[in-house]
Amino acid sequence: YDEALVSYQACLNIKEDYAIAHNNVGLLFTARGRLDDAAASLSKALSLDPGLDCAKSNLIKVKELQRRAGQGGAEAASESQQ
């Protein structure tokens, strides 16, 4: 995950308005349990491309994970990733 994140961040340094890259960074953050960072990346993707359906559905999933983590702690977030 770390190498992929570095690659996507390098890509975004070159083309910061690349919505798909922001979406993919959001997925990497989600996999790492960094839900706030994931939500920020996915929101950025949607601000760049409001019609990007994958970012919409990924953001919904992250918000659900955040809600569960708020109710049941980190265990709920990690359970839903399995």
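This is a short walk through a predicted model, one selection at a time.

**Whole chain**

Start with everything shown as a cartoon. You should see five helices and zero strands, so to speak an α-α-α-α-α pattern when you read along the sequence. Colour by burial next: of the 82 residues of the chain, 33% count as buried. If you turn on contacts and keep the pairs at least 6 apart in sequence, 42% of those contacts join residues at least 24 apart.

**H1 against H2**

Now select helix H1, residues 2-14, along with H2. Their axes are 10 Å apart and the packing angle is about 155°. That angle is over 145°, the cut-off for roughly antiparallel, and H1 and H2 therefore count as roughly antiparallel to each other. Look at the handedness too: H1 and H2 make a left-handed crossing. On the H1 side, the contact is made by Ala 4, Leu 5, Tyr 8, Gln 9, Cys 11 and Leu 12. Facing them from H2 are Ala 21, His 22, Asn 24, Val 25, Leu 28 and Phe 29.

Pick out Leu 12 while you're in H1. Buried or exposed, what does Leu 12 count as? It counts as buried, because its relative accessibility is 13%. Show its neighbours and, leaving aside residues up to four places away in sequence, you'll find that Leu 12 touches Tyr 18, Ala 21, His 22 and Val 25. For a distance to draw, try Leu 12 to Val 25: C-alpha to C-alpha they are 9.8 Å apart, with their positions 13 residues apart in sequence.

**The loop after H1**

Slide along to Asp 17, in the loop between H1 and H2. Its relative accessibility is 46%, so Asp 17 counts as partly exposed. Now add Leu 48 to the selection. The two are 31 residues apart along the chain, but their C-alpha atoms are separated by 6.4 Å.

**H2 by itself**

Hide the rest for a moment and keep H2, residues 19-31. Its end C-alpha atoms are 19 Å apart, which agrees with the 18 Å that 13 residues should span at 1.5 Å a residue. Bring the rest of the chain back and check the burial: ten of the 13 residues of H2 are buried, so this helix is largely enclosed by the rest of the structure. To highlight them, select Ala 19, Ala 21, His 22, Asn 23, Asn 24, Val 25, Gly 26, Leu 28, Phe 29 and Thr 30.

Ala 31 is also in H2, but at 34% relative accessibility it counts as partly exposed. Draw a line from Ala 31 to Tyr 1: these residues are 30 apart along the chain, and their C-alpha atoms are separated by 8.4 Å. Just after H2, stop at Gly 33 and check its backbone, where phi is positive at about 80°.

**H2 against H3**

Select H2 and H3 together. How far apart are their axes, and at what angle do the helices pack? The axes are 8 Å apart and the angle is about 165°. H2 and H3 are therefore roughly antiparallel to each other, and H2 passes H3 in a left-handed crossing.

For the residues that meet here, show these as sticks:

- from H2: Ala 19, His 22, Asn 23, Val 25, Gly 26, Phe 29 and Thr 30
- from H3: Leu 35, Asp 37, Ala 38, Ser 41, Leu 42, Lys 44, Ala 45 and Leu 48

Zoom in on Ser 41, which sits in H3. It counts as buried because its relative accessibility is 10%. Not counting residues up to four places away in sequence, Ser 41 touches His 22, Val 25, Gly 26 and Phe 29.

**Down the axis of H3**

Finish with H3 alone, residues 35-48. From first C-alpha to last, its 14 residues reach 20 Å, close to the 20 Å expected at 1.5 Å a residue. Now turn the view to look along the axis and colour the buried residues: Leu 35, Ala 38, Ala 39, Ser 41, Leu 42, Ala 45 and Leu 46. They cover an arc of only 165° around the axis, which puts them on the same side of H3. Over on the other side of H3, Asp 36 and Ser 47 are exposed.

Conventions:
Residues are numbered from 1 along each chain as its sequence is written. This is a predicted model: local features need pLDDT of at least 70, side-chain atom pairs count only at pLDDT 80 or more; totals for chains, interfaces and linings use all residues. Side-chain values use heavy atoms; hydrogens and water are left out. Helices (H or I, at least four residues) and strands (E, at least two) are DSSP runs, numbered from the N terminus. The expected span of a helix is 1.5 Å times one less than its number of residues. Buried means under 20% relative accessible area, exposed over 50%, partly exposed in between (1.4 Å probe, protein chains only). The arc is that of the directions from the helix axis to the C-beta atoms. Axes are lines fitted to C-alpha atoms, for helices over the stretch in contact, and angles run from 0 to 180 degrees between N-to-C directions. Angles under 35 degrees count as roughly parallel, over 145 as roughly antiparallel, 65 to 115 as roughly perpendicular and the rest as oblique. A crossing is left-handed if the near helix is turned anticlockwise from the far one by less than a right angle, and right-handed if clockwise. Contact means heavy atoms within 4.5 Å.
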